[in-house]
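Could you open the model in your viewer and keep the selection panel handy? We will go from stop to stop, and at each one I will say what to pick and what is there.

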Amino acid sequence: NTVMAARMTDAHRRFLQVLMSNGITEGSEARKLHQHCCETDKVYYAHDKLDDFISTINSHLQPLFMQIRKGVSEDDGRAHYAVVNLAETEVTKMASDYTETELELFRKTMDLIILSENGFASSTDILNLADQLKTKKMKKKEAEQVLKVFVEDKWLSEKNGEYTLHTRCIIEMEQYILSNYQDVARKCNICHSLTIQSQVCESCGIGMHLPCVRKYFRGQTEPRCPKCNEFWSCDTP
Amino acid sequence: QVSELVQFLLVKDQKKIPIKRADMLKNIIREYKDAYSEIVNKAGRTLQEVFGLQLVEIDTKRHIYILINNLPRAEGQYLCRDKEKEKMGLLLVILSFIFMKGNSVKDSALWEFLHLLRVYPGKQHSVFGDVRKLVTEEFVRQKYLETTPIPLTDPPEFKYQWGPRAEKETSKKDVLNFVAKIQGKDPTFWASQYSETRA
């Protein structure tokens with residue numbers, strides 16, 4: 001397998017450095033970056049070889065238990081890339097940036113989001129958690145500030161006063177979520193990635209990302225579940 | 001062990017916090033003290049090979065390390081997040097000022113200079129926030145600037161020089177070229193500074 005044996009060049013290193021400092025990088029940005037790095041370091045560039053380029057980097061990251069992972073945004077189905085640490089447990093990545101209390105609030109918010117039906121937790125519900133924290137009770141105003149920081153740092157995203165997990169968070173914590181919320185967390189039946197805001201089949205319980213549902217049922221007048229073939233009861237988004 | 005150390009260094013470096021050997025021993029190397037040099041060397045080689053980062057010891061007495069970017073410099077755009085880019089811009093201006101003034105300036109002179117750029121120590125800046133904190137604490141802690149008290153001054157005054165990270169991450173040549181570009185002159189215009197860059 002020639003890709004696995006490929007050497008790292010400065011272009012690969014530069015790409016990796018920028019990906020790491022961005023936290024999360026959208027697909028078209030990643031493609032532009034790929035081109036920029038190859039041009040800057042005078043390395044052979046082929047516009048459709050981004051996956052191979054990333055595989056080379058990943059083969060060198062593997063012994064370090066790190067990986068460049070691709071995930072899909074639950075809003076628009078666009079691909080995003082993040083550098084993930086496979087050896088870390090849950091929120092270790094966040095551990096150096098936040099206090100114990102803030103981490104506890106985050107974990108409890110994550111519980112609310114994952115256990116909810118639609119993958120969202122209302123700001124009211126989250127703020128009510130604030131004064132039940134074990135480490136230190138947090139005032140509502142303080143909790144609001146902390147939530148703002150989580151959004152800025154791309155762990156949560158907010159829409160109309162409701163919070164869900166940011167694509168970055170989903171990509172980086174996929175392993176953790178799948179193993180710690182085994183009974184509740186679902187993988188999308190179409191693309192096999194973790195899905196937080198999923199539509200679920202009422203008959204057999206499989207889940208799908210909203211953008212994946214959109215794509216799969218495009219043009220079909222009678223949408224049917226890909227697994228059990230029952231009529232798909234949710235409104236196609 | 002090596003991969004744990006690599007990750008430890010990457011995380012610390014994300015904040016540009018210099019890493020002490022004592023921390024590495026305590027957190028990562030622990031029982032493997034005898035293999036310390038070997039583990040650190042291997043980690044250094046991995047950081048260079050995979051990330052293009054160099055592990056540099058900036059204080060050989062107290063054994064303090066930093067990671068510097070070893071990739072050839074490229075045109076700014078993609079390299080830093082926005083907040084960082086602006087801070088780096090301010091830093092470059094300060095480093096230039098220090099270099100052009102003979103490598104050392106009094107704190108009063110530095111603040112006078114920054115006044116010209118409408119950056120005031122007492123006032124919150126719309127981009128940089130608490131500038132006094134940024135310059136006297138953050139840049140110093142990150143080893144971009146070094147500050148030493150001037151003896152026999154009352155009230156105490158300080159002088160500012162380039163810190164070890166600045167020495168490694170940029171060069172007098174780059175800084176002189178930057179100044180020359182802004183002022184539309186040739187670097188040789190400043191004879192004494194130019195000869196320093198050739199040293």
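Two strands count as paired here if DSSP finds at least two bridges between them. Keep in mind, too, that this is a predicted model.

**Stop 1: the strands of chain A**

Start by selecting residues 121–122 and 162–165 of chain A, which are strand 4 and strand 6. Two bridges pair these strands in the antiparallel sense. Show Ser122(A) as sticks, and you will find Glu162(A) of strand 6 opposite Ser122(A).

Now add residues 156–159 of chain A, which make up strand 5. Strand 5 runs antiparallel to strand 6, and four bridges join the two. Pick Leu156(A) to see one such pairing: its bridge partner in strand 6 is Leu165(A).

What links strand 5 to strand 6 of chain A? The two form a hairpin with two residues between them. Click on Asn160(A) in that turn and check its phi, which is positive at about 50°.

**Stop 2: the cavity**

How many cavities of 30 Å³ or more does a search of the whole structure find? There is one, and the space in this largest cavity is about 80 Å³.

To display its lining, select Arg69(A), Lys70(A), Gly71(A), Val72(A), Thr167(A), Ile170(A), Ile171(A), Glu174(A), Ser193(A), Leu194(A) and His209(A). Colour the selection by secondary structure: strand 2 (66–72) and helix 9 (167–180) of chain A each supply at least two of the lining residues. Then recolour by residue type, and the lining divides into four nonpolar, four polar and three charged residues.

**Stop 3: helix 3 of chain B**

Move to chain B and select residues 36–51, which form helix 3. At 1.5 Å a residue, its 16 residues should span 22 Å, and the end C-alpha atoms, 21 Å apart, agree with that.

Which residues of this helix are buried? They are Tyr36(B), Ile39(B), Val40(B), Ala43(B), Gly44(B), Thr46(B), Leu47(B), Val50(B) and Phe51(B). Look down the axis: these residues cover an arc of only 165°, so they sit on the same side of helix 3 of chain B. An α-helix has 3.6 residues a turn, so residues three or four places apart point the same way.

Step past the end of helix 3 to Gly52(B), where phi is positive, near 70°.

**Stop 4: Lys85(B)**

Finally, select residues 82–100 of chain B, helix 4, and pick out Lys85(B) within it. Lys85(B) is partly exposed, because its relative accessible area is 38%, between the 20% and 50% cut-offs. Draw a C-alpha to C-alpha distance to Phe139(B): the two residues are 54 apart in sequence and 14 Å apart in space.

Technical notes
Residues are numbered from 1 along each chain as its sequence is written. Chains are lettered from A and ligands numbered from 1 in the order in which they are written. This is a predicted model: local features need pLDDT of at least 70, side-chain atom pairs count only at pLDDT 80 or more; totals for chains, interfaces and linings use all residues. Side-chain values use heavy atoms; hydrogens and water are left out. On a 1 Å grid over the protein atoms alone, a cavity is a set of points where a 1.4 Å probe fits but cannot get out, and a pocket is an open set with protein on both sides within 12 Å along at least five of seven lines; lining residues have an atom within 4 Å of a point. Grid points are joined across faces, edges and corners, and a volume is the space filled by probe spheres set on the points. Ala, Val, Leu, Ile, Met, Phe, Trp, Tyr, Cys and Pro count as nonpolar, Asp, Glu, Lys and Arg as charged, and the others, Gly among them, as polar. The expected span of a helix is 1.5 Å times one less than its number of residues. Buried means under 20% relative accessible area, exposed over 50%, partly exposed in between (1.4 Å probe, protein chains only). The arc is that of the directions from the helix axis to the C-beta atoms.
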